[in-house]
Amino acid sequence: MTKRRILIVEDEAILRRIVKDAVEEAGHYVTTAEDGEEALRLFRAERPHLVIADIMLPKLDGFEMVRAMRKEGSNTQYLFLSARSTAEDVVEGFRVGGNDYLRKPFAINELMARVEALLMRLGDDAESDIYKIGRYEFDCKAQVLTIDGETRHLSTKESALLAALAKEGEKIVSSQCLLTEIWGDDSYYNLRSMNVFVSKLRTYLSKDKSIDISAIRGVGYKLVIRK
Ligand code: CA
């Protein structure tokens, strides 16, 4: 099974905890938010595969929040979870871009069945491009690097460079190849720029001491993970 990033937005602490535990137990990465604004910030940083959203939330309600997330156009599924259960609420949930709607109270196994069904819709393209680098996990499509539940959003160039290195395992990737593919040409100026990006990646990966990006002078780089 593929691990996915799931954002749970719920202001009731106990329910948030119950849903979080169930989703984690199913093997996914979970982040949680207590209000709509915090959720929107996390959404931008992590680009989750699925958002499980309550509707009556502080600061920004679930409908407005999902509408805002939808506008950003990522490949995300949305599941509303709400005590508001009139037909109008359900219709509004779908109208703002929800993919499913579950009325509270609900059985946790029904929630999980719906979660898995929504994640299936993401298809195979969403599951590729996840690399394990030492203790880090790097999702190159989402441009997110994760360690111990902490995430960092990478820029497009940082992400392309790390993906190019990760793809080759411990083989050397030539500077010329990296420069042409990512920077467009292998000018001296771009070579200097690439070196700066390599330093940044080393810093980002520094929480796992077994990882290094070693430079092979005049040739290129390789990603090394010491056993
Ligand atoms: Ca609520």
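Among the contacts in the chain between residues at least 6 apart in sequence, 56% join residues that are at least 24 apart, a value that, like the others here, was computed from a predicted model. The chain holds eight helices and twelve strands, and its C-alpha trace spans about 65 × 35 × 30 Å along the principal axes. Of the 227 residues, 47% are buried, while the accessible surface of the chain comes to about 11600 Å², with 51% of that belonging to carbon and sulfur atoms.

**The calcium site**

A calcium ion is coordinated by Asp11 (OD), Asp54 (OD) and Met56 (O), at 2.1 to 2.4 Å, and along the chain these donors follow the spacing D-x42-D-x1-M. The pair Asp11 and Met56 links distant parts of the chain, 45 residues apart, since Asp11 sits in the loop between β1 (5-9) and α1 (13-25) and Met56 in the loop between β3 (50-53) and α3 (62-71). Asp11 is partly exposed, and Met56 is likewise partly exposed; their relative accessible areas are listed below together with that of Leu205, a buried residue taken up at the end of this report.

| Residue | Relative accessible area | State |
|---|---|---|
| Asp11 | 32% | partly exposed |
| Met56 | 46% | partly exposed |
| Leu205 | 2% | buried |

**Helix α5**

Helix α5 (residues 108-121) has 14 residues and reaches 20 Å from its first C-alpha to its last, close to the 20 Å expected at 1.5 Å a residue. Its buried residues are Leu111, Met112, Val115, Leu118 and Leu119; seen down the axis of α5, these buried residues fall within an arc of 125 degrees, and therefore they line one face of the helix. The cover over the buried residues of α5 includes β1, α1, β3, β4 (77-82) and β5 (100-103), whereas the face turned away from the buried side carries the exposed residues Asn109, Met120 and Arg121. After α5 comes Gly123, whose phi is positive, near 75 degrees.

**Leu205**

Leu205 is found in the loop between α8 (188-204) and β11 (211-216), and with a relative accessible area of 2% this residue counts as buried, because the cut-off for that class is under 20%. Leaving aside neighbours within four places in sequence, Leu205 is in contact with Tyr136, Leu145, Leu162, Ile211, Ile213 and Leu223. Leu205 and Thr146 are 59 residues apart in sequence, and their C-alpha atoms are 9.7 Å apart in space.

Technical notes:
Residues are numbered from 1 along each chain as its sequence is written. This is a predicted model: local features need pLDDT of at least 70, side-chain atom pairs count only at pLDDT 80 or more; totals for chains, interfaces and linings use all residues. Side-chain values use heavy atoms; hydrogens and water are left out. Donors are N, O and S atoms within 2.8 Å of the metal (3.2 Å for Na, K and Ca); water is not among the atoms, so sites may look incomplete. Helices (H or I, at least four residues) and strands (E, at least two) are DSSP runs, numbered from the N terminus. Buried means under 20% relative accessible area, exposed over 50%, partly exposed in between (1.4 Å probe, protein chains only). The expected span of a helix is 1.5 Å times one less than its number of residues. The arc is that of the directions from the helix axis to the C-beta atoms. Contact means heavy atoms within 4.5 Å. Accessible areas come from the Shrake-Rupley method with a 1.4 Å probe; for residues, only the protein chains shown count as cover.
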